[in-house]
Amino acid sequence: TSNCRKDDDIEEGDLPEHKRSPPPIDFSKIDASKPEDLLKMSKKGRTLMVFATVSGNPTEKETEEVTSLWQGSLFNANFDVQRFVVGSNRAIFMLRDGGYAWEIKDFLVAQDRCEDVTVEGQVYPGKAAKKDAKGHEQNETKKKGDKKAANRANKSKQEL
């Protein structure tokens, strides 16, 4: 027998994230009426990306400045986020612990220049979300086909 350590002796924390076992989820602490709680628990300890759109047709430099202020505020609130500007009006906030994604989303959507925030494919309108004539929040990034699909889903529900 050899004395060298086998690969499976590596400490869990030293493994790359995708090989680590996810933290156990305590279902007794989850409110079934809040699906976000389940998502928060399942993302705890995982890297997660939150996308933010800056309103007002900004230049990339403007987006850099605005999102830098947001990052600073988050940092002051003890949220360790990395920020990457990915277009003239979009930025990605990378979180080491995805469990905080929804608190960060709540902060971002309350910012004056925030048009929308996307977490796990779910779009949340921000304070600067475009409103149509009727005062309803409207999101340009939504595809027209979504409405048709929703209508089809509603019709099939009615048929049941």
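Eight salt bridges turn up in this structure, which is a predicted model. Let's stop at three of them and then move to a helix pair.

**Stop 1: K44 and D97.** Select K44 and D97 and show their side chains. They form a salt bridge, with 3.9 Å between the closest N and O atoms. Now colour the surrounding elements: K44 sits in the loop between α1 (35–43) and β1 (48–54), while D97 is in the loop between β3 (90–95) and α3. That puts the partners 53 residues apart, so the pair links distant parts of the chain. Switch on a surface and compare the two ends. K44 has 41% relative accessibility, so it counts as partly exposed. D97 comes in at 17%, which means it counts as buried, since the cut-off for buried is under 20%.

**Stop 2: R113 and E62.** Next, pick R113 and E62. Here the closest N and O atoms of the salt bridge are 3.3 Å apart. This is another link between distant parts of the chain: R113 lies in the loop between α3 and β4 (114–119), E62 belongs to helix α2, and 51 residues separate them. What about the surface? R113 is partly exposed, at 26% relative accessible area, and E62 is partly exposed too, at 29%.

**Stop 3: K105 and D106.** Move on to K105 and D106. This salt bridge has its closest N and O atoms 2.7 Å apart. Is K105 buried or exposed? Buried, with a relative accessible area of 9%. D106, at 42%, counts as partly exposed.

**Stop 4: α2 against α3.** Hide the salt bridges and select helix α2 (residues 60–76) together with helix α3 (residues 101–109). Their axes come within 11 Å and cross at roughly 135 degrees. That angle makes α2 oblique to α3, because over 145 degrees would be needed for roughly antiparallel. Rotate the view to check the hand of the crossing: α2 and α3 cross in a right-handed way.

Now zoom in on the contact itself. From α2, show W70, S73 and L74; from α3, show I104, F107 and L108. These are the residues where α2 and α3 meet. How many of the contact residues are nonpolar, polar and charged? The split is five nonpolar, one polar and no charged.

Note on methods. Residues are numbered from 1 along each chain as its sequence is written. This is a predicted model: local features need pLDDT of at least 70, side-chain atom pairs count only at pLDDT 80 or more; totals for chains, interfaces and linings use all residues. Side-chain values use heavy atoms; hydrogens and water are left out. Axes are lines fitted to C-alpha atoms, for helices over the stretch in contact, and angles run from 0 to 180 degrees between N-to-C directions. Helices (H or I, at least four residues) and strands (E, at least two) are DSSP runs, numbered from the N terminus. Angles under 35 degrees count as roughly parallel, over 145 as roughly antiparallel, 65 to 115 as roughly perpendicular and the rest as oblique. A crossing is left-handed if the near helix is turned anticlockwise from the far one by less than a right angle, and right-handed if clockwise. Contact means heavy atoms within 4.5 Å. Ala, Val, Leu, Ile, Met, Phe, Trp, Tyr, Cys and Pro count as nonpolar, Asp, Glu, Lys and Arg as charged, and the others, Gly among them, as polar. A salt bridge is a side-chain nitrogen of Lys or Arg within 4 Å of a carboxyl oxygen of Asp or Glu. Buried means under 20% relative accessible area, exposed over 50%, partly exposed in between (1.4 Å probe, protein chains only).
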